[in-house]
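Dear colleague,

Please find below the structure that I am handing over to you, together with its sequence. My findings on its pockets and its nonpolar cores follow.

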Amino acid sequence: MKKNWIAFFSQTGSEIVDIAKSLDKWPDIIITNKRPKNLREINPELEGEVVFVENKPTEKELRLLLSQFSEPIITLHGWLRIMPPSICDEYSIFNGHPGLITDFPELKGKDPQIRAFKGIKEGKYEYAGAVLHKVVAGVDEGKVITEERFNVFQVELDELFHILRDRSLFMWINFLKKVL
């Protein structure tokens, strides 16, 4: 049975665009939260494709959107909000996280790339990576589905961001090919 795909983002949505182009399949619905225009610029390829929810959506608002689909696959791409525990329990939700939390649990939470880069410069980390994990009530606590790691010898911050994004895209595309 073909699964519906629901994608959430709070930043630009560019990752969703790149994944959708690679899969030649767009999400059935793309959801983002309302944020002041000065805080982000949505990828122009998503013009007219996005459903807006409140900046901090309520469980009721989320349920209303999700209830349109039977057993969807929900993906989070820079979604900067916590999903309510009951929604985490009821739906199959997956998150991409640009920190190798399997080896470095201190990289859970927002902006792990910056913390990883600092750890790299301090000699704390010899490698970095990203994971895809199941979403549960705790922040970045769900079971890791897949991970990508790489050496970080003499890597600069922009390069770290670029490599993490490429590895995340690779994981998302492979994962979604299997589950959609």
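Which residues lie nearest the centre of the largest pocket? In this predicted model, they are Gly78, Trp79, Leu80, Gly96 and Pro98, out of 36 residues that line the pocket. Its volume is about 960 Å³. At least two lining residues each come from H1, strand S5 (92-97), H4 and H5, and H5 provides the largest share, with five. Sorted by class, the lining comprises 16 nonpolar, 14 polar and six charged residues.

The second largest pocket has a volume of about 190 Å³. Its lining includes Arg35, Lys37, Arg40, Glu41 and Glu47, as well as Leu46 and Phe52. Five of the lining residues are nonpolar, one is polar and five are charged.

Turning to the interior, the largest nonpolar core contains 37 residues. Phe9, Ile19, Leu46, Phe150, Leu160, Trp172 and Leu176 have the most contacts inside this core. Two or more core residues are given by each of strand S1 (5-9), helix H1 (14-23), helix H4 (112-121), strand S6 (127-134) and helix H5 (157-179). H5 contributes the largest share, nine residues.

Leu46, which also lines the second largest pocket, is in contact with Phe9, Thr12, Gly13, Val17, Trp26 and Ile30, leaving aside neighbours within four places in sequence. A second, separate core has 18 residues, among them Leu66, Phe69, Trp79 and Cys88. Trp79 is thus named twice: in this second core and among the residues nearest the centre of the largest pocket.

Yours sincerely

How values were computed: Residues are numbered from 1 along each chain as its sequence is written. This is a predicted model: local features need pLDDT of at least 70, side-chain atom pairs count only at pLDDT 80 or more; totals for chains, interfaces and linings use all residues. Side-chain values use heavy atoms; hydrogens and water are left out. A nonpolar core is a set of buried Ala, Val, Leu, Ile, Met, Phe, Trp, Tyr and Cys residues joined through side-chain atoms within 4.5 Å. Buried means under 20% relative accessible area, exposed over 50%, partly exposed in between (1.4 Å probe, protein chains only). Helices (H or I, at least four residues) and strands (E, at least two) are DSSP runs, numbered from the N terminus. Contact means heavy atoms within 4.5 Å. On a 1 Å grid over the protein atoms alone, a cavity is a set of points where a 1.4 Å probe fits but cannot get out, and a pocket is an open set with protein on both sides within 12 Å along at least five of seven lines; lining residues have an atom within 4 Å of a point. Grid points are joined across faces, edges and corners, and a volume is the space filled by probe spheres set on the points. Ala, Val, Leu, Ile, Met, Phe, Trp, Tyr, Cys and Pro count as nonpolar, Asp, Glu, Lys and Arg as charged, and the others, Gly among them, as polar.
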